[in-house]
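Here is a short tour of one chain, written for someone who likes to know the cut-offs behind each term. Have the viewer open as you read.

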Amino acid sequence: MAYWYQTRLAQVGVRAGGLIVLVLACGTGTILYRHVHAHAPAQATMGELGLCALLVLLLVIGSGLLFVGPALWKQVHVPGRWSVEFLEPAVMEPHPTASNVHPLPHPADTIRKYM
């Protein structure tokens with residue numbers, strides 16, 4: 001049985017979608033460039049920061065779809081030690097009591113010992 005992402009149509013479609021997203025990123029970058037360089041240097045506005053965040057998001061999504069393609073949906077084997085079903089609850093050690101705690105020596109005693 002072939003998964004949907006293994007078909008030729010899915011491979012071409014996902015990579016074409018990535019290319020379209022990168023073209024949108026190019027347009028967003030052009031708009032941002034024109035907006036930033038149209039004015040004298042100043043603090044970035046919230047709109048400019050939002051365009052920057054959108055540009056980064058579009059670049060990451062577009063490059064992931066274009067270069068990795070449908071393999072993004074590939075199933076990955078997870079070892080049993082990382083599975084939630086096999087995790088055991090953490091065992092907590094009891095707090096040490098005063099009877100089995102050895103206090104550190106006073107610094108003056110340590111100095112006298114080595115003099």
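What covers the buried residues of α2? The cover includes α1, where contact means heavy atoms within 4.5 Å and buried means under 20% relative accessible area, with exposed over 50% and partly exposed in between (1.4 Å probe, protein chains only). Before going further, please keep in mind that this is a predicted model, in which local features need pLDDT of at least 70 and side-chain atom pairs count only at pLDDT 80 or more, while totals for chains, interfaces and linings use all residues. Residues are numbered from 1 along each chain as its sequence is written, and side-chain values use heavy atoms, leaving out hydrogens and water.

**The chain as a whole**

The chain has three helices and zero strands, so its elements run α-α-α from the N terminus on; helices (H or I, at least four residues) and strands (E, at least two) are DSSP runs, numbered from the N terminus. Of its 115 residues, 15% count as buried. About 10200 Å² of the chain is exposed, and carbon and sulfur atoms supply 69% of that; accessible areas come from the Shrake-Rupley method with a 1.4 Å probe, and for residues only the protein chains shown count as cover. Among contacts with a separation of 6 or more, 71% are between residues 24 or more positions apart.

**Two helices that cover each other**

Helix α1 has 30 residues and should span 44 Å at 1.5 Å a residue; its end C-alpha atoms are 43 Å apart, which agrees. The expected span of a helix is 1.5 Å times one less than its number of residues. For α2, with 23 residues, the reach from first C-alpha to last is 32 Å, close to the 33 Å expected. After α2 comes G69, whose phi is positive, near 70°.

The buried residues of α1 are A10, V14, G18, V21, A25, T28 and L32, and what covers them includes α2. In α2, the buried residues are E48, L55, L58, G62, G64 and L65.

Which residues make up the largest nonpolar core? They are V21, A25, L32, L55 and L58, five residues in all. A nonpolar core is a set of buried Ala, Val, Leu, Ile, Met, Phe, Trp, Tyr and Cys residues joined through side-chain atoms within 4.5 Å. Both α1 and α2 give two or more residues to this core, and the largest share, three residues, comes from α1.

Two residues of α1 show the contacts in more detail. L32 touches E48, L51, C52 and L55, not counting residues up to four places away in sequence. T28 lies in helix α1 and is buried, with a relative accessible area of 10%. Leaving aside neighbours within four places in sequence, T28 is in contact with L51, L54, L55 and L58.

**Pairs far apart in sequence**

The table gives some C-alpha pairs with their separation along the chain and in space.

| Pair | Separation along the chain | C-alpha distance |
|---|---|---|
| W4 and P70 | 66 residues | 8.9 Å |
| Y3 and K74 | 71 residues | 9.0 Å |
| G13 and L66 | 53 residues | 9.8 Å |

Y3 is found in the segment before α1 and is partly exposed, with a relative accessible area of 35%. G13, by contrast, has its place in helix α1; at 39% relative accessibility, G13 counts as partly exposed.

**A nonpolar patch on the surface**

W4 also sits in the segment before α1 (8-37). Is W4 buried, exposed or partly exposed? At 47% relative accessibility, W4 counts as partly exposed. Setting aside residues up to four places away in sequence, W4 touches A10, V14 and W73.

W4 belongs to a nonpolar surface patch together with F67, V68, L72 and W73, and the accessible area of the five adds up to about 560 Å². Patches are made of residues with over 30% relative accessible area and no salt bridge, with like charges joined within 9 Å and nonpolar side chains (Val, Leu, Ile, Met, Phe, Trp, Tyr) within 5 Å. A salt bridge is a side-chain nitrogen of Lys or Arg within 4 Å of a carboxyl oxygen of Asp or Glu. One of the patch members, L72, is found in the loop between α2 (46-68) and α3 (107-113). L72 is partly exposed, with a relative accessible area of 45%.
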